[in-house]
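Q: Please take a close look at one helix in this model and at what surrounds it. I would also like the charged pairs and the neighbouring strands covered.

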Amino acid sequence: MKPDEEFVFNKLTKKNSSKKTDSSYAAQWINSKLYFVDASIEQITKDLERRYNVKINIASEKIKGEIFSGSLDLNLPLKENLSYMDVDKKMKISQYADTIYITTK
């Protein structure tokens, strides 16, 4: 690998790839921030599940594929970060115990 390259392994397809990235963003988790560039909501929620120790269930395939670019502040409550990602207000977010449910409005 070269500087500013990211290695990605897909467990489902058993394939790997590399892509150009800005490594300065990758280390921002130390500052309680997550940065995303053209990431799907499904990819982002996997990171959020680990950070907030919850399960996130997305009921809509359309929402799973929505693309988000921006930063999330991990010092904020999870629901606030999810609302921030919902720029076009398509998601309905609810919680039962330690599971967050995301459906279309």
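A: What follows starts with helix H2 and then turns to salt bridges and strands. The model is a predicted one.

Helix H2 covers residues 41–52. H2 has twelve residues, and the distance from its first C-alpha to its last is 16 Å, close to the 16 Å expected at 1.5 Å a residue. Within H2, the buried residues are Ile41, Ile44, Thr45, Leu48 and Glu49. They take up an arc of only 145 degrees around the axis, which places them on the same side of H2. The cover over the buried residues of H2 includes strands S3 (33–40), S4 (55–58) and S7 (99–104). Helices H3 and H4 and strand S5 are also among the elements that cover them. Just after H2 comes Asn53, which has a positive phi of about 55 degrees.

H2 also holds a charged pair. Side chains of opposite charge can pair when their charged atoms come close. Asp47 and Arg50 form a salt bridge, with their closest N and O atoms 2.4 Å apart. Both residues lie in H2 and are three residues apart, about one turn of the helix. Their accessibilities fall into separate classes. Asp47 has a relative accessibility of 22% and so counts as partly exposed, since the buried class is for values under 20%. Arg50, with a relative accessible area of 61%, is exposed, because that class is for values over 50%.

The structure holds seven salt bridges, and another of them joins Glu66 to Lys90, with the closest N and O atoms 3.3 Å apart. Glu66 sits in the loop between helix H3 (61–65) and strand S5 (67–73), and Lys90 in the loop between helix H4 (78–85) and strand S6 (91–96), so this pair ties together parts that are 24 residues apart in sequence. H3, S5 and H4 were named above among the elements covering the buried residues of H2. Glu66 is partly exposed at 22% relative accessibility, and Lys90 is partly exposed at 32%. Lys90 has a further salt bridge, to Asp88, at 3.3 Å from N to O. Asp88 has a relative accessible area of 38% and is partly exposed. Elsewhere, Lys46, Glu49 and Lys55 are joined into one network by salt bridges that share partners. Glu49 is one of the buried residues of H2.

Strand S5 is part of the cover over H2, and its two faces can be told apart. In a regular strand the side chains alternate between the two faces of the sheet. Along S5, Phe68, Gly70 and Leu72 point to one face and are buried. Ile67, Ser69, Ser71 and Asp73 point to the other face and are not buried. S5 runs antiparallel to S3, and six bridges join the two strands. Gly70 of S5 is the bridge partner of Phe36. S3 is likewise named in the cover over the buried residues of H2.

One further residue can be described apart from H2. Val8 belongs to strand S1, residues 5–10, and is partly exposed, with a relative accessible area of 33%. Its contacts, leaving aside neighbours within four places in sequence, are with Lys15, Asn16 and Ser17. Val8 and Ser18 are ten residues apart in sequence, and their C-alpha atoms are 5.9 Å apart in space.

Terms used
Residues numbered from 1 in each chain as written. Predicted model: local features only at pLDDT ≥ 70, side-chain atom pairs only at ≥ 80, totals over all residues. Heavy atoms only, no water. Salt bridge = Lys/Arg side-chain N within 4 Å of Asp/Glu carboxyl O. Helix = DSSP H or I, 4+ residues; strand = E, 2+ residues; numbered from the N terminus. Buried < 20%, exposed > 50% of the residue type's maximum accessible area, 1.4 Å probe, protein only. Expected span 1.5 Å × (residues − 1). Arc of directions from axis to C-beta. Contact = heavy atoms within 4.5 Å. Pairing = 2+ DSSP bridges.
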